[in-house]
Amino acid sequence: MAEFSWDIRSPLDRALVAGPYGARGEDGVTLIEIRNFDLVQVMTRRGAAGEMAKAAQARFGVAAPETPKAVSAGDATLIWSGPDQFLVLSKGGRHTMEALAPVFAGSASLSDQSHARALISVSGDKARAMLAKLSSIDLHPDVFGVGAAAATSMDHTSVTLWRGKDRNAQAVFNVLVFATFAESLWHTMLDSAAEYGVTISHSEDLV
Amino acid sequence: MRIVCPFCGERELGEFTYLGDAKPQRPAADAGEDAIYDYVYLRDNIAGPMSEHWYHGGGCRAWLKVTRNTLTHEISSVEPAAGAGAAKVGA
Amino acid sequence: MNYSIFSLARAALSGHKNWKPTWRDAAPKDRYDVIIIGGGGHGLATAWFLASEFGIRNVAVLEKGWIGSGNAGRNTTIIRSNYGLPGNTGFYELSMKLWETMEQDLNYNAMVSQRGVLNLYHSDAQRDAFARRGNTMRINGIDAELLDQAALRKMLPFLNFDNARFPVQGGLLQRRGGTARHDAVVWGYAHAASELGVDIIQNCEVTGFTRDANGKVTGVETSRGKISAGKVGMAVAGSSSRVAAMAGLRLPIESHVLQAFVSEAIKPLIPGVMTFGAGHFYVSQSDKGGLVFGGDIDGYNSYAQRGNLPVVEDVCEGGMALIPMIGRVRLLRQWGGIMDMSMDGTPIIDKSPVDGLYINAGWCYGGFKATPGSGFVFAHLIARDQSHKEAALFRLDRFQRGAMIDEKGQGAQPNLH
Amino acid sequence: MAGDQANRLNNGGLIDRSAALNFRFDGKTFSGFKGDTLASALVANGVKLVGRSFKYHRPRGILTAGSEEPNALVELRSGARREANTKATTAELYEGLEAASQNRWPSLNFDVMSVNQLLAPIFVAGFYYKTFMWPAKFWEAIYEPAIRRAAGLGRAAQVSDPDHYDKAWAHCDVVIAGSGPAGLAAALAAARCGARVILCEEDFVLGGRLLADAGTIDGLHAAEWVARAVAELEAMPDVRIMTRTTLFGVYDGGTYGAIERVNDHLPVPPEHQVRQRLWRIVAKRCVVAAGAIERPIVFAGNDTPGVMMASAMRSYISRYAATPSRRIALFTNNEDGWRTAETAIAAGLQVAAVIDARPDVSPAHRSLASKGGFPVLHGSVSGVDGGKVGVRKISVLLTGGARAEVEADGLAVSGGWNPAVGLTSYHRGRPKWRDDIAAFVPDGAPPGIVAAGAANGAFSLGACLREGFEAGAAAARDAGRSGNTGSTPLANDEAFSLTPLWHVKGKGKAFVDQQHDVTASDIELAQREGFESVEHLKRYTTLGMATDQGKTSNVAGLAIMAAVTGKSIPETGTTIYRPPYVPVAIGAFAGHHRDENFHATRLTPSHHWAAEQGAVFVDTGLWKRAQWYPRAGEKDWLESVTREVKAVRSGVGFCDVSTLGKIDVHGPDAGAFLDRVYINTFSNLAVGKARYGLMLREDGIVYDDGTTSRLAEDHYFLTTTTAKAGLVMQHLEFCRQVLFPELDVQLTSVSDQWAQFSIAGPKTRDLLKEIVDPAEDLSNEGFPFMGAREVNLRGGLTARLFRISFSGEMAFEISVPARYGEATARNLMIAGKAFGVTPYGTEALGVMRIEKGHVAGPELSGTTTAADLGLGKMMSTKKDFIGRVMAGREALVAPNRQVVVGIKPVDKTRRLRSGAHIIPKGETPGPDNDQGYVTSVCFSPVLDQWIGLGLVERGRERIGEIVRAHDPLRGEDYDVELCNSVFYDPDGGRQRG
């Protein structure tokens, strides 16, 4: 009987070529694809806001976001994704559907999105200039600070965008894009960033 | 045009999809054919402030009731549809 | 006043001092047999056909601004009869036949130019839908040709065949389609109707209807006083709901903004009219040299006669996707018209539920090409109190009966038609 | 090379004499300097004749020094980068620039078409409407092509634009259009308040009129003040200065369109860079400091090369150190025009005379004249001698009636100034007339916009600074910023005295719109023919419709119309102002959305695997789907597809169906919710079962279909068609949030979460047994038809398995988390190897669905009812659902509707084509017997012939009838039989087996 191996492949597996891209000698934008994560959509049931909030607080030690923001909770990030709903993002295996199901039983419906999205982190001196070509959101530091989040569109493609913790004193913008659009948006990102010079890599860790 | 989504804040037109006049209410199942014909087909087609259904499909996926002047495109109010944000109902 | 090269040459000798107004700028009389509300192409054509075909010359056309100030002066000038559903097919062909003799009938050059209208397809499914429509046309005696990619490569080598997200695979061509100079159509009908005694009254806004004890419409109230009439016809696309409301009617119509664009004038570049099948873009080149183009409606109810940037971008994206050589051609002007969007994308030409009031409405973005046909069948309806056979399906009650004429299959959502 | 620039001053100007640039105009090489425009470089080289006019092909020179230029239009660059109608006055000079004059043949100097001037008496406004009607056929064949060739000015490139464009968003508190004194003052005030400021300047240097008309501000020379202001602004992090950027449009909600000419000043954009960028600027407030445009006076010969706007002449002399003429006459009706005489004298040029239309001239100017030794003539210019070599002699009609002549090689004209009212009028606000300056000023501006400085009719330097500063401070305040603005920059308030003069009557053509060759007598003719409304005037004469958008002609045109009708100018009114403020390249509006990037591309989870297999892909919406998998030796697609179908029907195959829309429907009321959106019932579906569902629009027409499975008591997994996935999600959210908010339901799209494959064929179970954990029971009893549940796979993965069939064969759909999609495809190949497993594409999928009579996109056309599709019995009579009532309307239940039926050619070798119409036998095709059409076709390997589905009048009652398939488009007409739409295994035994 044949043996089956179930290789996991990111939707950007083919498109992502690690290394420099675009204008030579420039290093304006850093793109990192993050590959190993669990992502669960939590949708509060009708009238169950209080119960859900308690459950979330108990599980994560922080309040679930009720407005567009991303809340860091130790080993998870809770990202607002719409009214009565948020995403739980964690390193693969930490907060899976199976683990969260009993937590929210009766107070929220869960939907696994771990495979439905690709996660791209954008940083660098020119990150805002590059994102201004893709996003209609105002990313000025006074307006879109650390922890700000938005359910929005980039290049007519739905994304969840939030600002993570700064890295090397630079802003980091995280983009969750639907998996089947990921390669297309990736190429658009490269086109937008090429004039600034790009450094490309991927990571198995949430950064 | 920019719409202030009650959940997301001000967003640009491209994130929204338009449906139309929010005034007609879907008649009850037994309301009869005339009532539903009226609901489906007849419009006041207001020249002035009008309550409209917009969908924030490029954002939080909430359906919104937007009051917008069809003569000037000026938006005077935006509220969520009854079932958007229902988790707090009764709470 | 007769127009020809000879009259022009004679006038030149006298320094063009002897030309008379193209139409008489009339003041309202107390009473007319028929009043047409709306001095656009449809209203003026209706008046001309009433006078020339149906012998009713005591007619006034009331225009709230200057004639042609509505959609007649804001469209992209395309004429065609390439429809696929019963009701539409015959009507638009009637209109096309009238275009073909209009200039001689009116003694006015409206620059009717049958340079061809080409709908491009980009998939097998689209080809099949075009085949169905083209065969409908042929069965109705209308010219239609289905072209494949090889034929198009020869005919229009500049289209994006090889480097495109949705490569052009072929097209449905109606050679008799084309363009006409929109303003000249208005002026031509005004000129010819005026010659037959029709009063064209500008700056005369209708503010209400006068009704008798039985509710029958007996005339109109206007910014220039009351005028009585045997019958009143409304041809006010863009304002249909507002005028109908004065008679207590609600219509299956929404008003939407459609933007249009013209580029700087350039030497001949694009031969006929073409429509992109994988996005929202259509284009022709005017006699003056500008690329006249447009796309989809903005999608929201509007009476503002102007639109927003997303549609401008969407249309230009379509243009660049189809014809990448136009990248450096500059967009010169953008404007918007108010479309009378009906619930099935098809017009309404019918007696209204109010006695004495006749409705010509719901033209969506297709009213210009219908101008002569609409005028003819509306005049027929008003004169004979009976629908012309080619407009027999454009009834107001078709939505109650479930007899919609929905070319796009989008149902009762006007912004999708 | 500077020696070539005979008309270049030795000193002064904002040009870099150390950076000479060579360029070519009409094949001749010239040189200029960095800092020049093409126009200023031509001026410096003594080139006067630059173009030919639209209709009469009259020789034309350079009239202005800005984006209002009507005459000096060129074809810039060559080949694929050729840009027609480029204004020489705004084209920045670069090394190697190539330009050619337009609308002339064979050369600019000798233009054959200038014979049109002889026909000018006939070519009056609207002449074409009065002729060319006979013979009718001649219009398309002869007249129109000739008119088209003659029209159109420049030639566009005939090949794909090789440059790139992009688009970006910017956000700020205050956006400012223009960087003249008012714009800079506004920027300073707003920025000092802490506002986020964007300052847009269409020129490549900041300063606006200060670049040519120096003055003293805060005691500093204007240039020094500008430098300080710019330095202050540049030091502030929230100020963005954008040169080469024109704010062109005002859209709703404080959105502004701007075009940045990023690299138009270079021969070719650098690698990875764009040519131009479209900006959408979102601003809380906007200050329009776009200045004013000097207006001409209409007189005979006013289009002669060498006639130039007075302010433009100053710009060439002061800013570019280039002298358009050596001996200059000035014709003015206002104080400001005199500055040109001052500038000319300061530059050492001769002033031949000043012709001033006003009754009085100030003592200062009188003494200037006597010092300069030139006469001041009270009167008007009535004619110009010159032609293509340029101005030689000027005729003057003196006040009182006498005539005089002035010899000069250049004539500067100032008729006053028109504020740039475009941006403030784009929301259909009409500007208002101000008698004191005889000009329209902004009124009814869109919310959040204010004009300041010359754009608002303030023509003195002091007033410009004050208004700009106040407007900037107010805008920042309105945007919620407060701070210390410092003090207002101060300058003198020069007097602006003007006596309106629009048109000097005289012999010869007097041009109002120079580019479109609209003359004063054309306007009089239009009035005579009843085209009195300004909009009729514009349309009849084409006044103001040229590439300069009437910036120098509109107001003069309506002033002349006002004069002939006896109305005032404000009564006559203006036409509607329309964006863009300057013409914008179509490529910029498209940005990167062109070629393959026109729209996004969606890839299925097995895409790259399928590509490795050599699949041919088809575009389905945004998706790329494997259409078929050709094998070596197969001669065409039909052979490949037929093989795939046969392999499935005799063995097993699989197909990626991940493109179907997939929606999780959760919550206690999920079943009740689905009952309302589907015509059939789902609340009674057992957990672990799937059911086919059909949904209608509210108007009773079929909207979409798909299978929905119940995975748990409160969890359904709904699928939609590929085409409607997004729309159905939107529709369901509408139902949930708007129509039925009382239901406790949650919806999520899981389309991208799951890779889904259909595995079909009699050997499906054999294949699955290889890959599914042996403990799973896949027998008919253990996993019956329409079953749905999770199963474990060998190697540790959990998958969902659905026993549903589109092909009519024994089939399952398997669903795995999407990142396992590619592995699944590979593993299915391994598991099925022994059974000859064959991957199949959308074509084979389509063949099998037609053989089974399943309806799809062509039948779900948006006009068909459930009954039309043969699914009327699914409509529940026990509940309300969307579309129930409207579906019962008389015409939708009429017995003669076109309904789905099977169709096959009587001649089995014949190919059937979609789009053929159905006509009864023996009748002549016509609208009255057009009974339907063929919707879907395929070659059926099972039946070994072409078959199809169609929508045919009373089709189901006519099974067995022979009718005609009439296809005149393709020259075909043949007999077909109407038959049962289920061609294959009509009792469904195979899929249940």
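Biologist: What do the buried residues of α1(B) pack against?

Modeller: In this predicted model, the buried residues of α1(B) pack against α10 of chain C, which spans residues 398-401.

Biologist: Which residues of that helix are buried?

Modeller: Helix α1 of chain B covers residues 33-41, and its buried residues are I36(B), Y37(B), V40(B) and Y41(B). Because they cover an arc of only 110° around the axis, they fall on the same side of α1(B).

Biologist: How many residues of chain C are in contact with chain B?

Modeller: On the chain C side there are 20 residues, and they are in contact with 18 residues of chain B. The elements of chain C that give two or more residues to this side are α7 (240-246), β12, β15 (290-301) and α10. By class, the side of chain C that touches chain B holds 9 nonpolar, 8 polar and 3 charged residues.

Biologist: Switching partners, how many residues does the contact take from chain C and from chain D?

Modeller: That contact takes 92 residues from chain C and 94 residues from chain D. Several elements of chain C give two or more residues to the side that touches chain D, among them α1 (5-13), α3 (88-106), β12 (253-265) and β16 (330-342).

Biologist: And which element gives the most there?

Modeller: The element that gives the most to the side of chain C that touches chain D is α4(C), with 9 residues. Sorted by class, this side of chain C has 39 nonpolar, 32 polar and 21 charged residues.

Biologist: What joins β16(C) to chain D?

Modeller: There are 2 bridges between β16(C) and strand β30 of chain D, residues 584-585, and the two strands run antiparallel. Within that pairing, L331(C) stands opposite V584(D) in β30(D).

Biologist: New topic: which domains does the assignment give for chain C?

Modeller: The domain assignment of chain C gives domain 1, made of 27-108 + 182-252 + 344-416, and domain 2, made of 117-176 + 254-341. The C-alpha centres of these two domains of chain C lie 27 Å apart.

Biologist: What does each domain bring to the contact?

Modeller: The contact takes 25 residues from domain 1 of chain C and 30 residues from domain 2 of chain C. On the domain 1 side that touches domain 2, α3 and α7 of chain C each supply at least two residues, and the largest share, 4 residues, comes from α3(C). The residues of that side of domain 1 of chain C divide into 8 nonpolar, 14 polar and 3 charged.

Terms used. Residues are numbered from 1 along each chain as its sequence is written. Chains are lettered from A and ligands numbered from 1 in the order in which they are written. This is a predicted model: local features need pLDDT of at least 70, side-chain atom pairs count only at pLDDT 80 or more; totals for chains, interfaces and linings use all residues. Two residues are in contact if their C-beta atoms, placed from the backbone, lie within 7 Å. Ala, Val, Leu, Ile, Met, Phe, Trp, Tyr, Cys and Pro count as nonpolar, Asp, Glu, Lys and Arg as charged, and the others, Gly among them, as polar. Two strands pair if DSSP finds at least two bridges between them. A residue is buried if 20 or more other C-beta atoms lie within 10 Å of its own, exposed if 12 or fewer, and partly exposed in between; C-beta atoms are placed from the backbone. The arc is that of the directions from the helix axis to the C-beta atoms. Domain bounds come from an automatic or database domain assignment.
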